Amino acid sequence: MVATDIAASAAAPAAEAERLSGASPLAPRVRWALGLLLPLALAVGWEAAVRFGLASGRLMPPPSRVAETLYGLARSGELWTHAWATLWRVAVGFGLGAAFGIAFGALSGVSGTARRLLDPTLQALRAIPSIAWVPLFILWFGIFEASKIALIAVGVFFPVYLGVAGAILSVDRKLVEVGRVFRLSPLALARRILLPAVLPQTATALRSGLGLGFMFVVAAEFMGASEGLGYLLVDGQQLGKPDQILAAVIAFALMGKAADSLLVAVTGPLVRWQDVARERL
């Protein structure tokens, strides 16, 4: 790839300088540990506040009670049932939303006519709150899985569409001119220049879409679901169990972080040729 080769040759001196600087191989572990420092400090602080009588812990249970609830749900198998139901809905909805978002974003990015035809309508639809789609999707698809997956797909679609279209429109014009100087065919131009140029922003758009997928699945599971972490939230609210609500929130956070890390691991090799400051900070 032309763009990839140019970036790789530019990145070589930086990589050599980083190697000679003696960067510690423990740096990734240290960064990972630092990421746990803030939540652990907050958990220990709140636990201490409840233990020493500075807070009641009735509406905001201490971490020890939330951990006990999580353990009980996991031991009974209830947590895994709800987590799997949520994960399956997010995976299917994310796949559909990302596929359509990439397709429409690419179409709007490469074709001015398609962009003028599609973009105004899609931007107007993007402004509609997620909860406003719920009664319509129930009317169209019923209260079962189809309506829930459709709502998640809508949430994923718009950030992916915007990211892909914006990435294509922001490609450096000089790179395209270089490809034309080398008389690349339109297919070769797209494969060797446009695709590498848009991959970083596309990967970021997919991460944004995945995050919104986990947000939309909560609204989706309010639509008459009998399984899922969203259902566990509602059940805890109706029964007055704040520890169950917080347990479901923590399960959401852990599962969302794991899914995001998996997406980063999958897309990472596609953008490894970049020489960015993030890799040396």
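This passage describes the helices, the confidence and selected side-chain contacts of a predicted model.

The protein chain contains eleven helices and zero strands. Read from the N terminus, its elements therefore run α-α-α-α-α-α-α-α-α-α-α, since helices and strands are numbered from that end. Of the 281 residues in the protein chain, 37% are buried. Among contacts with a separation of 6 or more, 73% join residues that are 24 or more positions apart.

The mean pLDDT of the protein chain is 82, and 86% of the residues score at least 70. Confidence is not even among the elements. Helix α1, which covers residues 2–20, has the lowest mean pLDDT, at 46, while α4 has the highest, at 92. Over residues 1–25 the pLDDT stays under 50. For this stretch the model has 21 contacts beyond four places in sequence. Where pLDDT is low, the predicted coordinates should not be read in detail.

Helix α4 spans residues 78–110 and contains Arg89. The relative accessibility of Arg89 is 4%, so this residue counts as buried, the limit being under 20%. Leaving out residues up to four places away in sequence, Arg89 touches Glu145, Lys148, Ile149, Ile152, Val217, Glu221, Ala225, Glu227 and Gly228. One of these residues, Glu227, has its backbone oxygen 2.8 Å from a polar atom of the Arg89 side chain.

Another residue in contact with Arg89 is Glu221. The side chains of Arg89 and Glu221 form a salt bridge, with a distance of 2.8 Å from N to O. Arg89 belongs to helix α4 and Glu221 to helix α9 (residues 186–221), so the pair ties together parts that are 132 residues apart in sequence. Both partners are buried: Arg89 has a relative accessible area of 4%, and Glu221 has a relative accessibility of 2%. A network of salt bridges links Arg89, Glu145 and Glu221.

The surroundings of Glu221 can be described in the like manner. Apart from neighbours within four places in sequence, Glu221 is in contact with Ala85, Thr86, Arg89, Glu227, Gly228, Leu229, Gly230, Tyr231 and Phe252. Glu227 and Gly228 are thus listed among the contacts of Glu221 and also among those of Arg89.

The count of salt bridges in the model comes to five. One of them joins the side chains of Asp260 and Arg207, with 2.8 Å between N and O. This pair links distant parts of the chain, as Asp260 lies in helix α11 (residues 242–267) and Arg207 in helix α9, 53 residues apart. Asp260 counts as buried at 15% relative accessibility, whereas Arg207, with a relative accessible area of 39%, is partly exposed.

A further salt bridge is formed by the side chains of Glu47 and Arg51, again with 2.8 Å from N to O. Both residues of this pair lie in helix α2 (residues 27–51). They are four residues apart, which is about one turn of the helix. Glu47 is buried, with a relative accessible area of 14%. Arg51 is exposed, because its relative accessible area of 62% is over the limit of 50%.

Two packed helices are described by the angle between their axes and the distance between the axes. Helix α3 (residues 63–76) packs with α4 at an angle of about 85°, and their axes are 4 Å apart. The two helices, α3 and α4, are therefore roughly perpendicular to each other, a term that applies to angles from 65 to 115 degrees. On the side of α3 the contact is made by Leu70, Leu73, Ala74 and Ser76. On the side of α4 it is made by Glu78, Leu79 and Trp80.

Helices α3 and α4 also take part in covering helix α10. Helix α10 consists of residues 229–238, and its buried residues are Leu229, Gly230, Leu232, Leu233, Asp235 and Gly236. The cover over these buried residues includes α3, α4, α9 and α11. Of the buried residues of α10, Leu229 and Gly230 are also in contact with Glu221. After α10 comes Gly240, which has a positive phi, near 65°.

How values were computed. Residues numbered from 1 in each chain as written. Predicted model: local features only at pLDDT ≥ 70, side-chain atom pairs only at ≥ 80, totals over all residues. Heavy atoms only, no water. Buried < 20%, exposed > 50% of the residue type's maximum accessible area, 1.4 Å probe, protein only. Polar contact = N/O pair within 3.5 Å; in protein donor to acceptor, adjacent residues only side chain to side chain. Contact = heavy atoms within 4.5 Å. pLDDT = per-residue confidence, 0-100. Salt bridge = Lys/Arg side-chain N within 4 Å of Asp/Glu carboxyl O. Axes fitted to C-alpha atoms, helices over the stretch in contact; angles between N-to-C directions. Parallel < 35°, antiparallel > 145°, perpendicular 65-115°, else oblique.
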